[in-house]
Amino acid sequence: MSEKTPSTPQGKTAATLPIRITPESLLRELQQFNDKLTRGSKRLAALSEEQLAIATAPKEEVWREDMVRLYHYQPVVDKPARVPILVTYALVGRYQMIDLEADRSFIRKLLAEGLDVYMVDWGLPGRAQRFLTIDDYVSGYLDDCVDYIRERHGLKQINMLGICQGGVFTTCYAALFPDKVKNLVLTVTPIDFHGDKDHLEAGSGYMNLWARSLTHEDVDTMVDTLGAAPGAMVGFSFLMMNPVGNVTKYTTELVEILDDEAKLLNFLHMERWIADRPGHPGEVMRQWFKDLYQDNKLVRGELVLGDRRVQLDRITMPVLNVFADGDVIIPTSCSRGLEGTFGTDDYSELAVPGGHIGTFVGGKAQKILAPSIAKWLKERN
Amino acid sequence: MPSEDTDLDGVGGSDALYAWWLDLIPALFGASGAKARDPKAQTEGNDGSRSPPGVAHVPQALEMTRQLITPLYQGFLQALLANPQPERAFGTLLEQTLSHLRSASRSLADMATTMPSQQGALPIGWNFLADPVSAFGEAMKPLSLNLERAYGGLADAFGLAPSRELQLAGREMLQCAFAKRQAQAEYLGLAVGALAKGAEGTLARLREMGQRGESVDSLLALVRLWARSTDEAVHAAMQTPEALEASAKLLRVAMRSRKQQQRMVAIASEALNVPTRAEVDAAYREIQDLKRELRRIRKSGGPRVREPAATGSAAPVAAKRPRTRTPAAKRKNSSKVAA
């Protein structure tokens, strides 16, 4: 194709459509297209499990309860940072995304910066976990993980890093247990769930709009009926944020990368991560939609977990808030500009290029994210 | 549009709707015959080997691409042979597509508005089976009530109550099915309207390219251009209050329908003395409450509950009292981190 190729002879025919396809060129293209598909099919069939493996950074399971696991990544420097960092991912996807490939692994980059990294794996909640609440995750599992790490390292406080929904959990944790958190890093985390109201952009924040178009009763009916949202349904909600893009991804875009093994492997690794979509506990979903998306209680200081109110002004430890410039899942207006929202006097923001997931796997963002976080932490440890 | 048995309740519904989106691509360019399949379905590779888990849908997506794109080439080739000027051939194809889409959008909108009247008419057969006297109108209501009291009680005595309850639940299911189809038609009408706008946007983009002296010399490039325009149009359309309301309505009827399914299963389960969903959920709730209580006791310094042994070489380190350290001096600065 030559979409950008100036075509001077035709340039003057501004009113007509600049399509330069002849029957001969079309047949040639069809032949090339079919050849490419055939080559691609063979290439796919020849790929091994080893080539397709994701989340390969060496780690060990150090704690578990129910379906929740705590992993400790093997440090890659002789003397890692004295204060470890606990990374908390969202429930809507698996933690493997931040260690997708060896050369674009957020985890490996944190390790290379000399950090001592732990990771919570929420596992695959099913029907039996439908009554788990946000409080069970925050004051239960997450607090247990923090206590385990504190005991293991003999520390009063550790560093915490939350991602998206995991960032909300981490924020709640820091507000409820401020004495146990030394530094708080939030990445692509919605705090002001109504931040997008005055900054509507086409293609951005669909989930915010959709959730607000429902009533409380709708959410109750959905949770009572579904119990736990199946992983495929959670995946479908993401898919519908970009329906056409998700069709072309499997057609024209896939064809384009078939001859490039590195790009094809990137695509397959991402697909593997997407396919492993966990279910979502119903009660978490209820509170997430009603209290956060609909009523925006977190930033208003009205969110109640268990019998305690989450007061963001109790977050007095240093906070680094990272958001993605092109995030359409969590509009930046929901995650940036939070000076004064927390109780800390040490608040910093970092904008990284790319989208919600691109923050952790995109080439440009990878060059910035881990080094900036490590630098910020080292200045405060 | 999704088939009649499309169910948006969960996995099956999601896949069906997704497949519907895929099917629209060839239709947009006037091509036919390509039936998209769910690219996420598990499949064997072309050579018969099975792909590793999590990526098995990709070889199938390739095959689907072949099925989708080949008719586009064929359709465009036919148009080119009929009209050797490519821009006119494409323009004709796109005009036809727009016409189809506008017509489909109108039909779906009509369907959505006319369905309520059909809804009242169609379940008559079911109503008659479940409550035959009701067919004779209001005047017969007292008789209907008396018959229900006399024979309903008899049916209960013979243990036939579940079948009557099932009939009632089934009737409500039928009503839900109508409501669901109406909501689907409304939603899809909006979606098809957005696709038509996407096609218009493609034309506008092409004209802009012409003004800049750029050209398109491959069909795949045209498809990509269409995808970009359509993506924008769909995003804009799906964020409108009408589309959000249509989506919410679809969710409501889907949940209502699922509730009725669950009710029918519960009636049957009770009749067969099998634990119902509600009973199992009550047990799950109790287990969760007990776990919370256990955690509360453990955290309040009660008897320590040992976790299951950790795997591998990473046995949990013996509990040590956290050393108390003086927190670092609180920093009093607010800064932007340099990238």
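**Burial and pairing in a two-chain model**

Reader: Why is B:Ser269 called partly exposed?

Author: B:Ser269 has 18 other C-beta atoms within 10 Å, and because a residue is buried at 20 or more such atoms, exposed at 12 or fewer, and partly exposed in between, with C-beta atoms placed from the backbone, B:Ser269 is partly exposed. This is a predicted model, in which local features need pLDDT of at least 70, side-chain atom pairs count only at pLDDT 80 or more, and totals for chains, interfaces and linings use all residues. Residues are numbered from 1 along each chain as its sequence is written, while chains are lettered from A and ligands numbered from 1 in the order in which they are written.

Reader: What makes the buried residues of α8(A) line one face of the helix?

Author: The buried residues of helix α8 of chain A (residues 216-226; helices are DSSP runs of H or I, at least four residues, and strands are runs of E, at least two, numbered from the N terminus) are A:Val219, A:Met222, A:Val223 and A:Leu226. Seen down the axis of α8(A), they fall within an arc of 90 degrees, taken from the directions from the helix axis to the C-beta atoms, so they line one face.

Reader: How do you know that β3(A) and β5(A) pair?

Author: Two strands pair if DSSP finds at least two bridges between them, and strand β3 (residues 85-88) of chain A and β5(A) have four bridges, in the parallel sense. A:Ile85 stands opposite A:Asn159 in β5(A).

Reader: What makes β5(A) mostly covered?

Author: Six of the six residues of strand β5 (residues 158-163) of chain A are buried.
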